[in-house]
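Reader: Could you take me on a close look at the disulfides here and at the strands around them? I would enjoy one connected walk through that part.

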Amino acid sequence: MKGTRSLIAAVALGIGIVAFVTTLPGSQAGTSVCTYYSDATHKKAVGARGTGCCGSVINWGVTSSYKVCQTIYCTDQICPN
């Protein structure tokens with residue numbers, strides 16, 4: 001009986017911690033960034049566009065036909081207000 005109570009208390013504590021962490025202002029978990037290259041070899045980056053962690057804007061250089069887009073996961077960051 002005592003073991004069951006301890007298990008229930010541990011589960012309740014775990015749920016409480018998860019609930020608290022999910023209320024913190026976290027970074028965006030699935031932002032996208034496209035890197036633009038000078039040619040099809042993708043060796044020289046000439047620009048980038050997208051949104052980084054915490055909503056920061058990525059916008060530098062020029063765009064081209066040669067691009068690679070990827071999703072960035074920033075789940076380990078807590079964003080400032």
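Author: Happy to. Let us begin at C34, which is buried, with a relative accessible area of 12%; buried means under 20% relative accessible area, exposed over 50%, and partly exposed in between (1.4 Å probe, protein chains only). Before going on, a word on the basis: this is a predicted model, in which local features need pLDDT of at least 70, side-chain atom pairs count only at pLDDT 80 or more, and totals for chains, interfaces and linings use all residues. Residues are numbered from 1 along each chain as its sequence is written, and side-chain values use heavy atoms, with hydrogens and water left out.

C34 is joined to C69 by a disulfide, S to S 1.9 Å (a pair of cysteine sulfur atoms within 2.5 Å). The link is right-handed, with 105° about the S-S bond. It connects distant parts of the chain, since C34 sits in strand β1 and C69 in strand β4 (residues 66-72), 35 residues apart; strands are DSSP runs (E, at least two residues), numbered from the N terminus. Unlike buried C34, C69 is partly exposed, at a relative accessible area of 41%.

The two strands that hold this pair also meet through their backbones: β1 and β4 pair in the antiparallel sense over seven bridges, where pairing requires that DSSP finds at least two bridges between two strands. One of these bridges matches T35 with V68 in β4. In the wider picture, an open sheet of four strands runs in the order β3-β2-β1-β4, with antiparallel pairing. β3 and β4 stand at the edges with a single partner strand each, so one side of each lacks a neighbour in the sheet.

T31 also belongs to strand β1 (residues 31-37), and T31 counts as buried at 3% relative accessibility. Beyond its neighbours within four places in sequence, T31 is in contact (heavy atoms within 4.5 Å) with T51, G52, Q70, T71 and I72. A polar atom of the T31 side chain lies 3.0 Å from the backbone oxygen of T51.

The whole structure has two disulfides, and the other joins C54 and C79, with sulfur atoms 2.0 Å apart. This link is left-handed, with -90° about the S-S bond. C54 lies in the loop between β2 (45-51) and β3 (57-61) and C79 in the segment after β4, so the pair ties together parts that are 25 residues apart in sequence. Here C54 is partly exposed, with a relative accessible area of 33%, while C79 is buried at 10%.

Technical notes
Polar contact = N/O pair within 3.5 Å; in protein donor to acceptor, adjacent residues only side chain to side chain.
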